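Hi,

Here is the structure I said I would pass on. Have a look at it first, and my notes on what turned up are underneath.

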Amino acid sequence: MGDDDRRNLPRFQLKVIHKHRVGNHTLRRVSELVYVRGLPKAVLEWINIAGVRTPLYVSELDPRKLRKAKAPAHTYYYEGITSDPRFELVGP
């Protein structure tokens with residue numbers, strides 16, 4: 001999918017700034033914030049399935065650690081650390 005295609009896909013309005021762990025590294029990133037059944041989730045990556053923008057990887061967020069930013073509008077800070085499910089250790 002090219003950059004022009006991505007610009008034409010609908011975007012969620014809410015953003016979340018969070019510390020994100022990938023393996024042994026922690027970095028700060030901005031993700032789209034969505035609510036599923038009333039619970040907040042950070043969308044880490046999207047894919048395009050037949051022209052429909054679909055979340056591929058999400059990270060659960062504790063609603064008690066989510067704070068509204070003063071600016072910019074529609075932005076939140078997450079006081080916890082999220083992790084990338086692709087890099088989590090899988091048990092036996």
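Strands S3 (residues 39–49) and S4 (residues 52–60) run antiparallel to each other and are joined by eight bridges. One pairing to click on is Asn 48, whose bridge partner in S4 is Arg 53. The hairpin has two residues between the strands, and Ala 50 takes a positive phi there, near 50°.

Before you zoom in any further: this is a predicted model. Mean pLDDT for the chain is 85, with 83% of residues at 70 or more. Among the elements, strand S5 (residues 66–68) comes out highest, with a mean of 96, while helix H1 (residues 3–8) is lowest at 51. Where pLDDT is low, the predicted coordinates shouldn't be read in detail, so I'd leave the fine points of H1, with its mean of 51, alone.

Back to the hairpin strands. Ile 47, Ile 49 and Leu 56 make up a nonpolar patch on the surface, and together they have about 230 Å² of accessible area. Leu 56 belongs to S4. Its relative accessibility is 38%, so Leu 56 counts as partly exposed, the class between 20% and 50%.

Now for two residues that are covered up. Ile 17 lies in strand S1 (residues 15–22). Ile 17 counts as buried because its relative accessibility, 16%, is under the 20% cut-off. What does Ile 17 touch, leaving aside neighbours within four places in sequence? There are two stretches: Arg 28, Arg 29 and Val 30, then Thr 75, Tyr 76, Tyr 77 and Tyr 78. Val 30 is 13 residues from Ile 17 along the chain, yet their C-alpha atoms are separated by 4.5 Å.

The other one is Leu 61, which sits in the loop between S4 and S5. Buried or exposed, would you say, for Leu 61? Leu 61 is buried: its relative accessible area is 7%, and the cut-off is 20%. Not counting residues up to four places away in sequence, Leu 61 is in touch with Val 16, Leu 33, Pro 40, Lys 41, Ala 42, Leu 66, Tyr 78 and Thr 82. The C-alpha atoms of Leu 61 and Lys 41 are separated by 5.3 Å, with their positions 20 residues apart along the chain counted as the offset. Tyr 78 is worth a click too, as it appears among the contacts of Ile 17 and also among those of Leu 61.

Cheers

Terms used:
Residues are numbered from 1 along each chain as its sequence is written. This is a predicted model: local features need pLDDT of at least 70, side-chain atom pairs count only at pLDDT 80 or more; totals for chains, interfaces and linings use all residues. Side-chain values use heavy atoms; hydrogens and water are left out. Two strands pair if DSSP finds at least two bridges between them. Helices (H or I, at least four residues) and strands (E, at least two) are DSSP runs, numbered from the N terminus. Patches are made of residues with over 30% relative accessible area and no salt bridge: like charges are joined within 9 Å, nonpolar side chains (Val, Leu, Ile, Met, Phe, Trp, Tyr) within 5 Å. Accessible areas come from the Shrake-Rupley method with a 1.4 Å probe; for residues, only the protein chains shown count as cover. A salt bridge is a side-chain nitrogen of Lys or Arg within 4 Å of a carboxyl oxygen of Asp or Glu. Buried means under 20% relative accessible area, exposed over 50%, partly exposed in between (1.4 Å probe, protein chains only). pLDDT is the predictor's confidence in each residue, from 0 to 100. Contact means heavy atoms within 4.5 Å.
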